[in-house]
Amino acid sequence: MFAKYIVFNNATIRETARYYGYSKSTVHNDISKKLRKINSVLYEEVRVILQNNFFEKHIRGGLATKNKYEKNKSL
């Protein structure tokens, strides 16, 4: 369930947890531990997406900070 959502939506663990109403820890444990044993092919697809998200998170964080200060500046 989590893995298919991540693959189809190119989603992060945080987005997936918010969508399903679970904690990030639950989603992460299901993806990293349980999925590997259940479906290794799907696990590899998810791993690639999550690794890409990990490499891009500093960019998204910087953009969020920039937008926050631009929004406050206009007030």
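Helices here are DSSP runs of H or I with at least four residues, and strands are runs of E with at least two, numbered from the N terminus. With that in hand, one stop to make is Gly21, which follows helix 2 and has a positive phi, near 80 degrees. This is a predicted model, so to speak: local features need pLDDT of at least 70, side-chain atom pairs count only at pLDDT 80 or more, and totals for chains, interfaces and linings use all residues. Residues are numbered from 1 along each chain as its sequence is written, and side-chain values use heavy atoms, with hydrogens and water left out.

**The nonpolar core**
- The largest nonpolar core (buried Ala, Val, Leu, Ile, Met, Phe, Trp, Tyr and Cys residues joined through side-chain atoms within 4.5 Å) has 13 residues, and those touching the most other members are Ala3, Ile6, Val27, Ile31, Leu35, Val46 and Leu50.
- At least two residues of this core come from each of helix 1 (2-9), helix 2 (13-20), helix 3 (24-38) and helix 4 (40-74).
- Helix 4 gives the most, with 5 residues.
- Setting aside residues up to four places away in sequence, Val27 touches Phe2, Ile13, Thr16, Ala17 and Tyr22, where contact means heavy atoms within 4.5 Å.

**The two sides of helix 2**
- Ile13, Thr16 and Ala17 are the buried residues of helix 2; buried means under 20% relative accessible area, exposed over 50% and partly exposed in between, with a 1.4 Å probe and protein chains only.
- Seen down the axis of helix 2, these buried residues fall within an arc of 100 degrees, so they line one face of the helix; the arc is that of the directions from the helix axis to the C-beta atoms.
- Arg18 and Tyr19 are exposed residues on the face turned away from the buried side of helix 2.

**Lys24 beside helix 2**
- Lys24 is found in helix 3 and counts as partly exposed because its relative accessibility is 43%.
- Beyond its neighbours within four places in sequence, Lys24 is in contact with Ile13, Arg14 and Ala17.
- Lys24 and Arg14 are 10 residues apart in sequence, and their C-alpha atoms are 5.8 Å apart in space.

**The largest pocket**
- A pocket is an open set of points on a 1 Å grid over the protein atoms alone, where a 1.4 Å probe fits, with protein on both sides within 12 Å along at least five of seven lines; lining residues have an atom within 4 Å of a point.
- The lining of the largest pocket has 15 residues, and Thr12, Ile13, Asn53, Lys57 and Arg60 lie nearest its centre.
- Helix 4 supplies the largest share of this lining, 8 residues.
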